[in-house]
Amino acid sequence: MNAAAPMPTCLTGLVVLDLGQLHPGPHTAMLLQQLGATVIKVERPEVGDSGRALGSDTFAKYNRGKLSIALDLKSEADRKVLLDLARRSHALIEGFRPGVMDRLGVGHAQLKAVNPALVMCSISGFGQTGPYAQRPGHDLNYLALAGYWAVPSQVQDHTGRPNVRLADYCGSMYAALSLVVAMMTARQTGVGQHLDVSLHDAVTAWTLHGIDAMVRKTGKDVGQMGHVMADNDLFATADGRFIALGILEEKFWENLRALLAPDFPALASMDYETRARRMRNKRALNTLLRSVFLQRSLAQWAACFGDADIPWSPVLEYDEVLQDPHVVARAVSSASAEDGGRVVGFPVKFSSGLSPQDPTAPGLDGDRQTILDWLASDRALPATARG
């Protein structure tokens, strides 16, 4: 029996203009495109999105399946094209510093004048208002100012650079969610709005609960922090690899202790009998567990744990992730693009399906004629000129 074609989503047929650069704006638009919207990437003539200068892979990972048109927003003729696009579109995403769109003559007031139902989403480092609004910044700056490193996560905590752009991804996910709500509201009311997305605000919303607890209760005393646990951590193994242990519920500690105590009897101490006792003795237990896991290699620990009902996992290397059987089975990335890169799909499984993603990234200004023909007609814009 053939699988049914994916059902249209509430975003099918909606057109989103992507004026973003590098990561947050393009990633936001990509999420909407994966969920059914048609995205027109508006780029600078000759140079395009700044991501192109960082290599084809960097540009492609956020821009596959989009249409591209190059516009010089300092040109009156090209500003008119952008306003014409806004008239026919449902949302516009931009990532300039606050005030730039207004100075170019395509700010919210001008966009609203041509399309009252348009949703404008401005993504910036610190938002449209406030004392930092005009400050330059990138992911690390927003994390630092949001207190990302202020709240310890380990008994032996350290400050290290995250391996993904957390503030960028955090902000773009909030932006995409807000855009869907605002576009659906505009369809009901005919009234759009201006979304002010601050990457700093977004990640601060993630850190404030921990910061509030420190201010009110614990200060810098890791021993008093309920979220910092001795047995929920990363542990080095004898061969220089790492194992992740996610003990939280009491049953998992009991299973872990039953498995390891015969060889490491110190784990059977009454000091570690309950979560409350383990929290009181978290430094000693963490030191003990670190010494335990250093006794064997990662492969030996994998054999030891086997199918035990314990939340453990190896910390995989880059060349192991794509071979992991669960990654393969879930098919988050199941296709390779023509350029050799991998196409990462939307990670949520819809029972009615989502349309497959176009694996190709647009050439700079590569869809100009298709877009201009759409503006001159009353027909729908094709989701992509490629395929």
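Which residue of β5 is the bridge partner of I93? The partner is C121. This report starts from that pair and then moves to other parts of the chain. The model is a predicted one.

## Strand β5 and its neighbours

Strand β5 covers residues 119-124. It is joined to strand β4, residues 91-94, by 4 bridges, and the two strands run parallel. The pair I93 and C121 belongs to the pairing of β4 with β5. β5 also pairs with strand β6, residues 194-198, in the parallel sense, over 5 bridges. Here S122 has D196 of β6 as its bridge partner.

Is strand β5 enclosed or open? Of its 6 residues, 6 are buried, so the strand is largely enclosed by the rest of the structure. In a regular strand the side chains alternate between the two faces of the sheet. For β5, one side carries V119, C121 and I123. The other side carries M120, S122 and S124. Both faces are covered, and the residues on each are buried.

## Helix α2 and what surrounds it

Helix α2 runs over residues 56-63, and its buried residues are F59, A60, Y62 and N63. An α-helix has 3.6 residues a turn, so residues three or four places apart point the same way. Which elements cover the buried residues of α2? The cover includes two strands, β1 (15-19) and β2 (38-43), together with two helices, α1 (24-34) and α7 (166-189). Just after α2 comes G65, with a positive phi of about 80 degrees.

## Salt bridges

Side chains of opposite charge can pair when their charged atoms come close. The count for this model comes to 17 salt bridges. Three of them are set out below, each with the distance between the closest N and O atoms.

| Residue | Partner | Closest N and O atoms |
|---|---|---|
| D18 | K66 | 2.8 Å |
| E43 | R52 | 2.8 Å |
| R278 | E250 | 2.9 Å |

The salt bridge of D18 with K66 links distant parts of the chain. D18 is in strand β1, while K66 is in the loop between α2 and β3 (67-70), and the two are 48 residues apart. Are these two residues buried or exposed? D18 has a relative accessibility of 0% and therefore counts as buried. K66 also has 0% relative accessibility and counts as buried. Both residues belong to a network of salt bridges that links D18, K41, D49 and K66.

The other two pairs each join a buried residue to a partly exposed one. In the salt bridge of E43 with R52, E43 is buried, with a relative accessible area of 2%. Its partner R52 counts as partly exposed, at 24% relative accessibility.

The third pair is R278 with E250. R278 lies in helix α10, residues 275-280, and E250 in helix α9, residues 250-260, so the salt bridge ties together parts that are 28 residues apart in sequence. R278 is buried, with a relative accessible area of 1%. E250, at 26% relative accessibility, counts as partly exposed.

## Two helices that cross

Two packed helices are described by the angle between their axes and the distance between the axes. Helix α3 (residues 76-88) and helix α15 (residues 368-375) have axes that come within 10 Å and cross at roughly 60 degrees. Their crossing is left-handed. Which residues make the contact? From α3 they are V81, D84, L85 and R88, and from α15 they are I371, L372, W374 and L375. By kind, the residues of this contact divide into 6 nonpolar, no polar and 2 charged.

## Positive phi outside glycine

Where does E46 lie? It is in the loop between β2 and α2. Its phi is near 75 degrees, a positive value in a residue other than glycine. E46 is exposed, with a relative accessible area of 79%.

D365 is not a glycine either, and it has a positive phi of about 65 degrees. This residue is found in the loop between β11 (342-343) and α15. D365 is partly exposed, with a relative accessible area of 25%.

Technical notes. Residues are numbered from 1 along each chain as its sequence is written. This is a predicted model: local features need pLDDT of at least 70, side-chain atom pairs count only at pLDDT 80 or more; totals for chains, interfaces and linings use all residues. Side-chain values use heavy atoms; hydrogens and water are left out. Axes are lines fitted to C-alpha atoms, for helices over the stretch in contact, and angles run from 0 to 180 degrees between N-to-C directions. A crossing is left-handed if the near helix is turned anticlockwise from the far one by less than a right angle, and right-handed if clockwise. Contact means heavy atoms within 4.5 Å. Ala, Val, Leu, Ile, Met, Phe, Trp, Tyr, Cys and Pro count as nonpolar, Asp, Glu, Lys and Arg as charged, and the others, Gly among them, as polar. Buried means under 20% relative accessible area, exposed over 50%, partly exposed in between (1.4 Å probe, protein chains only). A salt bridge is a side-chain nitrogen of Lys or Arg within 4 Å of a carboxyl oxygen of Asp or Glu. Two strands pair if DSSP finds at least two bridges between them.
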